[in-house]
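Trainee: I have a structure open in the viewer and I'd like to learn how to read it. Could you walk me through it?

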Amino acid sequence: MRLIAEEIEGRRAGETIFSGIGFTLGEGDGLIVTGPNGAGKSTLLRVVAGLLPLAHGRLEFEDGGEDFPSVESACHYLGPDNAMKTALTVSENLAFWQSFFGRPHLSILEALEMVGLETIGHLPFGYLSTGQRRRVSIAKLMVSHRPVWLLDEPTSGLDKHSEAQFSELMRMHLLGGGMIVAATHLPLGLEGVQELRMGGH
Ligand SMILES: Nc1ncnc2c1ncn2[C@@H]1O[C@H](COP(=O)(O)OP(=O)(O)OP(=O)(O)O)[C@@H](O)[C@H]1O
């Protein structure tokens, strides 16, 4: 499986935010996207996820077979908003996403164990702290299998311990043949990954 971007361009409100961007990721490859505020990192991730239109260029997911016939179907997108219902419990939220995405991977409890939140599955999501909410969103990546993780500032709000735990989960995903594109201002503890610097500063 390969994720290929060639000469891609992203626009917001009719304005070109970036153009001429290209990268190729094979199984086990990671790409860290860096650059100053406003450089277009989030826009790039949203274009790859299919949440914003591709203004120009080629974006393809090769050899995904019947399970992952398109870029969109191959990607998990973790954005700055956690996309959870505050009145539903943590477990109910994850169960919703697991049925929405299909291809169950870890059980809800196993995924919560991976982020150290196995004791709070019964709590409404709205009761959780900022860092706990982020960790539930990370658990969401693991309840259904998708080969490409698109991560926008994934460690924002995490304490040092949770940050290290998440680095380990990302390494496991790569070792299992997954791919990661992560926009970040902070080191993510990943070695041997590609870097794409956006913006001119
Ligand atoms: N909905 C929108 N409509 C119009 N312009 C937008 C919209 N969202 C973002 N932009 C603009 O697109 C540009 C790129 O924003 P983007 O969020 O992709 O940058 P970023 O590199 O992720 O920044 P940061 O490091 O601050 O998260 C900015 O100039 C921003 O003002």
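**Reading strands, a helix and a ligand shell**

Mentor: Let's start with one pair of residues: Arg 11 has Thr 16 of strand 2 as its bridge partner. Keep in mind that this is a predicted model.

Trainee: What holds strands together in general?

Mentor: Strands of a sheet pair through backbone hydrogen bonds, and the pairing can be parallel or antiparallel. Here, strand 1 (residues 2-12) and strand 2 are joined by seven bridges and are antiparallel.

Trainee: In what order do the strands of that open sheet come?

Mentor: The order is 2-1-4, three strands with antiparallel pairing. Strand 2 (15-25) and strand 4 (56-62) are the edge strands, each pairing on one side only. From one strand to the next, the twist averages 20°.

Trainee: Which strands does helix 1 lie across?

Mentor: Helix 1 lies across strand 1, strand 2 and strand 4, and it runs at about 120° to strand 1.

Trainee: And which residues surround the ligand?

Mentor: Arg 12, Ala 13, Ile 17, Gly 35, Asn 37, Gly 38, Ala 39, Gly 40, Lys 41, Ser 42, Thr 43 and Ala 183. Helix 1 (residues 41-49) gives the most to this shell, with three residues. Sorted by character, the shell has four nonpolar, six polar and two charged residues.

Trainee: You listed Ala 183. Which residue is its bridge partner?

Mentor: Asp 152 pairs with Ala 183, which sits in strand 7. Strand 6 and strand 7 (residues 179-183) run parallel and are joined by five bridges. To get from strand 6 to strand 7, the chain passes through helix 6 (residues 160-175), and this β-α-β crossover is right-handed.

Trainee: Which strand pairs with strand 6 over four bridges?

Mentor: That's strand 5 (residues 75-78), again in the parallel sense. One bridge to look for there joins Cys 75 to Val 148 of strand 6.

Trainee: Is strand 6 mostly covered or exposed?

Mentor: To judge that, count neighbours: a residue is called buried if 20 or more other C-beta atoms lie within 10 Å of its own. Strand 6 (residues 148-152) is mostly covered, with five of its five residues buried.

Trainee: Which residues lie on each side of strand 6?

Mentor: Val 148, Leu 150 and Asp 152 are on one side, while Trp 149 and Leu 151 are on the other. Both faces are covered. Try finding Asp 152 in the viewer: it's one of the buried residues, and its partner Ala 183 is among those around the ligand.

Key:
Residues are numbered from 1 along each chain as its sequence is written. This is a predicted model: local features need pLDDT of at least 70, side-chain atom pairs count only at pLDDT 80 or more; totals for chains, interfaces and linings use all residues. A residue is buried if 20 or more other C-beta atoms lie within 10 Å of its own, exposed if 12 or fewer, and partly exposed in between; C-beta atoms are placed from the backbone. Helices (H or I, at least four residues) and strands (E, at least two) are DSSP runs, numbered from the N terminus. Two strands pair if DSSP finds at least two bridges between them. A crossover is right-handed if, with the strands pointing away from the viewer, the path from the first strand over the helix to the second runs clockwise. A residue is near a molecule or strand if its C-beta atom, placed from the backbone, lies within 6 Å of it. Ala, Val, Leu, Ile, Met, Phe, Trp, Tyr, Cys and Pro count as nonpolar, Asp, Glu, Lys and Arg as charged, and the others, Gly among them, as polar. Axes are lines fitted to C-alpha atoms, for helices over the stretch in contact, and angles run from 0 to 180 degrees between N-to-C directions. Two residues are in contact if their C-beta atoms, placed from the backbone, lie within 7 Å.
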